[in-house]
Amino acid sequence: MTTVTEVLQERYDSPAQTECWLPSSIDAGPLFQAGIRRGDIITSIDGTPIATQQQLIDLVAKKNTGDAVSLVIDRDGRALTFEVTLAARPDAVSG
């Protein structure tokens, strides 16, 4: 996940810098299962606009595993809404 910079904004024709872009590393897990794909840009979570990657991380950190969140993403200039059920990060699972 990357904060959208001017370079990414131009490359992907993103409308704003205040978003989080999803690279190719989401080919599994809750985001992928919900229908979110590589190159999608997260613009809000539960109605809160996302300005930076850290803001998204902080908002998700306040949630619990199993909570459902509503993500609005920009895909090719279209705003799409997805419900995502949060899971534990693989590196956070003990075992």
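# A walk through the strands, loops and core

D76 has its place in the loop between strands β5 and β6, where strands and helices are DSSP runs numbered from the N terminus (E over at least two residues for a strand, H or I over at least four for a helix). The model is a predicted one, in which local features need pLDDT of at least 70 and side-chain atom pairs count only at pLDDT 80 or more, while totals for chains, interfaces and linings use all residues. Residues are numbered from 1 along each chain as its sequence is written, and side-chain values use heavy atoms, with hydrogens and water left out.

What is unusual about the backbone of D76, given that it is not a glycine? D76 has a positive phi of about 55 degrees. Most residues other than glycine have a negative phi. D76 counts as exposed because its relative accessible area is 74%; here exposed means over 50%, buried means under 20%, and partly exposed is everything in between, with a 1.4 Å probe and protein chains only. D46 also has a positive phi without being a glycine, in this case about 50 degrees, and D46 lies in the loop between β3 and β4 (48-49). With a relative accessibility of 37%, D46 is therefore partly exposed.

We can now step back to the whole chain. The protein has 3 helices and 6 strands, and, read from the N terminus, its elements follow the order β-α-β-α-β-β-α-β-β. Of its 95 residues, 29% count as buried. The protein exposes about 5900 Å², and carbon and sulfur atoms supply 50% of this area, which was computed by the Shrake-Rupley method with a 1.4 Å probe, where for residues only the protein chains shown count as cover. If one takes the contacts between residues at least 6 apart in sequence, 38% of them join residues at least 24 apart, a contact being heavy atoms within 4.5 Å.

The next stop is the interior. Twelve residues, namely I36, I42, I45, I50, L56, L59, V69, L71, I73, F82, V84 and L86, make up the largest nonpolar core, that is, a set of buried Ala, Val, Leu, Ile, Met, Phe, Trp, Tyr and Cys residues joined through side-chain atoms within 4.5 Å. At least two residues of this core come from each of β3 (41-45), α3 (53-61), β5 and β6. Which element gives the largest share of this core? That element is β5, with 3 residues.

Strand β5 deserves a closer look at two polar residues. S70 lies in this strand and, at 18% relative accessibility, counts as buried. The side chain of S70 makes a polar contact with the side chain of E83 at 3.4 Å; such a contact is a pair of N or O atoms within 3.5 Å, where within protein one must be able to donate a hydrogen and the other to accept it, and residues adjacent in sequence count only if both atoms are side-chain atoms. Setting aside neighbours within four places in sequence, S70 touches S44, I45, D46, T81, F82 and E83, and D46 in this list is the residue with the positive phi of about 50 degrees.

R75 is also in β5, which spans residues 68-75. Is R75 buried or exposed? R75 counts as buried because its relative accessibility is 19%. Its side chain makes a polar contact with the side chain of D40 at 2.7 Å. Beyond residues up to four places away in sequence, R75 is in contact with G35, I36, R37, D40, L80 and F82, and among these I36 and F82 belong to the largest nonpolar core.

R37 leads us on to helix α2 (residues 30-34), where F32 is found. The charged end of R37 sits over the ring of F32, 4.3 Å from the ring centre; a charge counts in this way if NZ of Lys or CZ of Arg is within 6 Å of the ring centre and within 35 degrees of the ring normal. F32 is partly exposed, because its relative accessibility is 32%. Although F32 and V84 are 52 residues apart along the chain, their C-alpha atoms are separated by 9.3 Å.

P30 lies in helix α2 as well and, at 29% relative accessibility, counts as partly exposed. Not counting residues up to four places away in sequence, P30 touches V84, T85 and A87. Its C-alpha atom is 9.7 Å from that of A88, which is 58 residues apart from P30 along the chain. Finally, R89 lies in the segment after β6 (78-85) and is exposed, since its relative accessibility is 57%.
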